[in-house]
Structures are given as C-alpha cells and as structure tokens.
Amino acid sequence: GMNVPPPQQASMPERHGKAGVLWSIIIIILVILGALWFLGKGTTDNVSYDAEGNMITQAPAGQLIDGFPKDLLLEQDMAIEVSYVIDYAGRSEKMPVARYTSSMQYNEVIDGYRRLLVAQGWIVLKDGSIDEVPVTNFSAMRGEEEVNVTLTLQPDGKPVVEIAYSMPTAQ
C-alpha cells in the first residue's frame, strides 16, 4: 500500500509566523516610503520630523532656506535643487543645507571650493580630492561654525554639490 505521510500540522504555526514577520517588514518599508514621499512632497508649511525628533523645514522649490549663508555657494547663479534646515531636538544647533548641480568639471569644483573656504577664513580639516571618486568632501571650521561640502560625480559627468552648514544657535 501507499505510504501516506502524516498531516504536517506541526509546521503550520511556524509558517504563519514567517508570514507575520514578512508583513511587518513590508509595513515598515511602506512607512519609510511614505515618510520619504511626505518629505519630498512637503506639507503645507514644509515642516516634518525625522526619526530622532529633529525638525526639518524645507524651503520652497528653487529657494535657499533661511540661515544658509549664500556666500558658501561657489556658483551663485545655479538653480537650488533642495534646501532645508535641520533643527536638532535637545541641542541648540541648526544645520541649513543646500544642494545644486554644478556646471563645472569635478576637479574644477574641488579646486574652487578649496579656494573659497580658504578665502573666507575657514580652517580646512578635511580636504577634498580628485582621487576620491565619485564622492569627495571638505570639512572646515571657522570659530564655532562648521561646514561640510560633499561633491558627488554623477554618471552624466556633472558634479552635485551639497553644502551643510552649522553653528550654535542662541537659545
């Protein structure tokens, strides 16, 4: 006669458990995507909060956020793609950020930022380098101010410039 295997009831709850875990992961991913969409879309007043409770205020499209020093832009006439400020929860520090796509070559932007920072009295702690491809960055200080400039060479050969500036705020 045929050997009929016993019904595998023991493994049913386990399988259900795996599906449950999978659903939780899917829900978490959807929440993250929702948050990213929300951030990208911006609310009516362009304010949102990240996971740490830091407040993020986004400037209207093409505009610089309040508190971002315009003299940190190597190319003053380029369209600002994204600009926002992070207001850190629990410490008196704000970090305005701006991002634009450069019209210069990667090495020109690196040289340009090195000159700009030195000319403006910044002490360069980490120098950008054309040997670091596709991403390099400058990190500099001036008194209590800090700036980080990240240059990312895109596949189309255009560098994206992201400048994050921070200084202590008076509470």
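Q: Which residue forms a salt bridge with D87?
A: Happy to start there! In this predicted model, a salt bridge pairs a side-chain nitrogen of Lys or Arg with a carboxyl oxygen of Asp or Glu within 4 Å. D87 makes one with K94, where the closest N and O atoms are 3.8 Å apart.

Q: Are D87 and K94 buried or exposed?
A: Partly exposed is the class between under 20% and over 50% relative accessible area. D87 counts as partly exposed because its value is 22%, and K94 does too because its value is 36%.

Q: How many salt bridges does the structure hold?
A: There are seven. One of them joins E93 to R91, with 3.1 Å between the closest N and O atoms. Here E93 counts as buried, at 19% relative accessibility, while R91 is partly exposed at 47%.

Q: What parts does the pair D127 and R114 tie together?
A: Their side chains meet in a salt bridge of 3.0 Å, N to O. D127 sits in the loop between β5 and β6 and R114 in helix α2, so the pair links parts that are 13 residues apart in sequence. Salt bridges with shared partners also join D111, R114 and D127 into one network.

Q: Which residues touch the most other members of the largest nonpolar core?
A: Such a core is a set of buried nonpolar residues joined through their side chains. This one has 24 residues, and those with the most contacts to other members are L72, Y113, V147, V149, L151, V161 and I163. Helix α2 gives the largest share, six residues.

Q: Which residues does V147 touch?
A: Leaving out residues up to four places away in sequence, its contacts include L72, W122, F138 and I163.

Notes
Residues are numbered from 1 along each chain as its sequence is written. This is a predicted model: local features need pLDDT of at least 70, side-chain atom pairs count only at pLDDT 80 or more; totals for chains, interfaces and linings use all residues. Side-chain values use heavy atoms; hydrogens and water are left out. A nonpolar core is a set of buried Ala, Val, Leu, Ile, Met, Phe, Trp, Tyr and Cys residues joined through side-chain atoms within 4.5 Å. Buried means under 20% relative accessible area, exposed over 50%, partly exposed in between (1.4 Å probe, protein chains only). Helices (H or I, at least four residues) and strands (E, at least two) are DSSP runs, numbered from the N terminus. Contact means heavy atoms within 4.5 Å.
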